[in-house]
Every structure is written in structure tokens, then in C-alpha cells.
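Colleague: I am new to this structure and would like to take a close look at a single part of it. Could you choose one helix and walk me through its surroundings in one connected account?

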Amino acid sequence: MRSWTYWAPGQLVSLCRRGIGCVKLTAISAVHPPPIFPHRPATLVSCRLFSSEREGPSHRPNKKVLVVGIPNPFIWFRTRIYYFLIRAYFDKEFNIHEFTDGAKQAFSHVSRLLSHCKFDALEGLVARDLLEKLQDKCSLLPLSHKQALAAEPDDIMYLTPGDVGIYYDDNGRKFVSILMRFWYLTNARLPEETPEGTRVFQVAFGEEGGQETKQLLTANYEFQREFTQGVQPDWTITRIEHSKLLD
């Protein structure tokens with residue numbers, strides 16, 4: 001049995017199995033290490049995982065995957081400064097943990113709507129100019145790629161805040177943006193190797209011969225809120241990237 005640990009700028013991500021049976025993360029193609037996104041190279045390290053528990057005849061396999069993240073100290077410190085500034089000058093009740101929980105729900109909801117090309121339902125959730133671009137891109141995607149856009153809540157393995165921005169426009173309007181990064185599993189059947197030669201990870205649950213295989217994908221969603229006085233306090237998605245699907 002094997003689990004895989006890989007490092008990307010900002011975090012160390014480890015996938016391992018807890019409980020009955022085994023989980024196996026298989027890297028298809030051994031040409032290059034798998035980037036989280038094309039501009040983010042990663043280094044792959046393998047480690048062994050053992051389980052001493054036995055599966056009873058009526059026991060259903062536990063599909064829980066444990067992901068451990070170790071943030072880059074510089075990014076961690078910088079984002080904490082931004083969180084302090086947001087609470088001090090924009091929203092005294094801002095809490096990054098509550099925001100992260102809400103972003104996870106929004107990511108799952110929006111990705112599923114996007115997968116089914118329900119663009120009318122995305123109005124108000126996604127910025128208008130971005131929505132127009134997504135319509136053009138999704139119309140060119142094959143069915144398997146559209147299916148892979150959807151992320152069920154239980155299939156989101158790991159998420160972490162990325163870049164945080166605070167800025168003003170020429171009219172004095174105030175904005176805050178937070179980029180969230182997501183790692184999720186999908187049942188969609190995708191090519192084992194992308195045209196660029198990067199690897200697609202597969203995670204196999206259960207015992208040999210009765211495994212359920214899912215692929216590990218990544219996505220970036222940027223949330224933006226205007227803090228100008230008198231403006232509705234809503235977060236809007238202004239950026240959507242699904243690695244190998246929507247870039």
C-alpha cells in the first residue's frame with residue numbers, strides 16, 4: 001500500500017487512509033512532478049501506509065482521507081496581517097474560519113451548477129464578466145470534463161486560503177478579495193495524461209479487487225466583497241480555475 005505526499009509552494013499535502021482497507025494514490029505518467037497549476041511545480045515523495053484493522057462482512061469501507069497542510073511561514077504571516085486589517089478597518093466580525101466554511105459550501109454549490117451549465121442560477125454568485133467567459137469555455141468542454149467540475153462536499157479533501165488583497169478604485173470604492181484553493185476527488189473519467197505531459201492522480205479506496213477509483217483535482221476560486229458604505233455585503237466569485245479543465 002502507498003500514500004503520497006507532495007509539496008507545493010505554501011503547503012505540504014499528505015493523503016493517507018485511516019480505517020479499514022487501504023487508499024492508494026497513483027500518479028499516472030512519471031515524466032514530471034504534478035503541478036497544482038501549470039505555474040506551480042511540485043515535488044512528489046512516496047511513503048508507506050499500513051492498516052491492522054480487518055473488515056467485517058457487513059462493514060462498509062470508510063472513505064475518509066486525511067490531508068495535512070503545513071503553510072509557508074511568510075504567506076501565513078502575511079495573510080494574518082491582512083485578516084487583522086480587515087477586522088480593524090472593514091468588518092469587526094470577520095472570521096477566517098467562518099469564511100472558509102462558507103467558501104467550501106459556495107465552491108461545492110457553484111461547481112455543481114457550472115458542471116450542469118446552469119448559468120442563469122450562477123447570476124449574482126459569479127461576477128458578470130466572468131460568467132460570460134465561463135459560458136464560452138464550458139461550451140467547448142467534453143462531457144467528462146464538465147462532470148469533473150462538480151465537487152461534492154464530502155469529496156473536498158483540503159482547502160486553504162491563498163492570496164488576500166485590499167484595494168481601492170479611482171472612485172474611492174473599497175474591496176477585499178480572498179483566493180481559496182481546493183483539492184477534491186471526482187468519479188469523472190479523464191485522460192490519464194494531459195497534452196502538457198503532467199500527471200493526473202488517482203485515489204483507490206478499498207481492498208484489491210473491489211476498489212473504487214477517483215481522481216484528485218485542484219481548483220482556485222477568488223471571492224471578492226465591496227466594503228463601500230451602503231453597498232450590499234455580499235461575496236462574489238471573480239475568478240474560477242479548475243486545473244486541467246478550466247484555466
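Modeller: A residue is called exposed when its relative accessible area is over 50%, buried when that area is under 20%, and partly exposed in between. With those words settled, please keep in mind that this is a predicted model.

The helix to look at is α1, which covers residues 73-89. Its 17 residues, at 1.5 Å a residue, should span 24 Å, and because its end C-alpha atoms are 24 Å apart, the expected and the computed lengths agree. The buried residues of this helix are Thr 79, Tyr 83 and Ile 86. Seen down the axis of α1, these buried residues fall within an arc of 60°, so they line one face of the helix. The general reason for such spacing is that an α-helix has 3.6 residues a turn, so residues three or four places apart point the same way. On the face of α1 turned away from the buried side, one finds the exposed residues Pro 73, Phe 74, Phe 77, Phe 84 and Tyr 89. As for what lies over the buried residues of α1, the cover includes helix α2 (96-115) together with the strands β6 (156-168) and β7 (174-186).

One of the buried residues just named, Tyr 83, leads outward from the helix, since ring pairs link it with Phe 90, Phe 94, Phe 99, Phe 223, Phe 227 and Trp 235 into a cluster. The count of aromatic pairs comes to twelve. In one of these pairs, the rings of Phe 99 and Phe 223 have their centres 5.8 Å apart and their planes at 85°, so the pair is edge-to-face. This pair links distant parts of the chain, for Phe 99 sits in helix α2 and Phe 223 in strand β9 (residues 212-226), 124 residues apart. Both Phe 99 and Phe 223 are buried. Another pair in the cluster is also edge-to-face, because the rings of Phe 227 and Trp 235 have centres 6.3 Å apart and planes at 80°. Phe 227 counts as buried, at 10% relative accessibility, whereas Trp 235 is partly exposed, with a relative accessible area of 25%.

Helix α2, already met as part of the cover of α1, also holds Lys 104. Lys 104 is partly exposed, its relative accessible area being 29%. Leaving aside neighbours within four places in sequence, Lys 104 is in contact with Pro 153, Ile 156, Leu 159 and Phe 182. The C-alpha atoms of Lys 104 and Thr 160, which are 56 residues apart along the chain, are separated by 9.8 Å.

To place this part within the whole, the protein has four helices and ten strands, and from the N terminus on its elements run β-β-β-β-β-α-α-α-α-β-β-β-β-β. Of the 247 residues in the protein, 46% are buried. Among the contacts with a separation of 6 or more, 71% are between residues 24 or more positions apart. The accessible surface of the protein comes to about 13700 Å², and 51% of that surface belongs to carbon and sulfur atoms.

Technical notes:
Residues are numbered from 1 along each chain as its sequence is written. This is a predicted model: local features need pLDDT of at least 70, side-chain atom pairs count only at pLDDT 80 or more; totals for chains, interfaces and linings use all residues. Side-chain values use heavy atoms; hydrogens and water are left out. Helices (H or I, at least four residues) and strands (E, at least two) are DSSP runs, numbered from the N terminus. The expected span of a helix is 1.5 Å times one less than its number of residues. Buried means under 20% relative accessible area, exposed over 50%, partly exposed in between (1.4 Å probe, protein chains only). The arc is that of the directions from the helix axis to the C-beta atoms. Contact means heavy atoms within 4.5 Å. Accessible areas come from the Shrake-Rupley method with a 1.4 Å probe; for residues, only the protein chains shown count as cover. Rings of Phe, Tyr and Trp (its six-membered ring) pair if their centres lie within 6.5 Å; planes under 30 degrees apart count as stacked, over 60 as edge-to-face and the rest as tilted.
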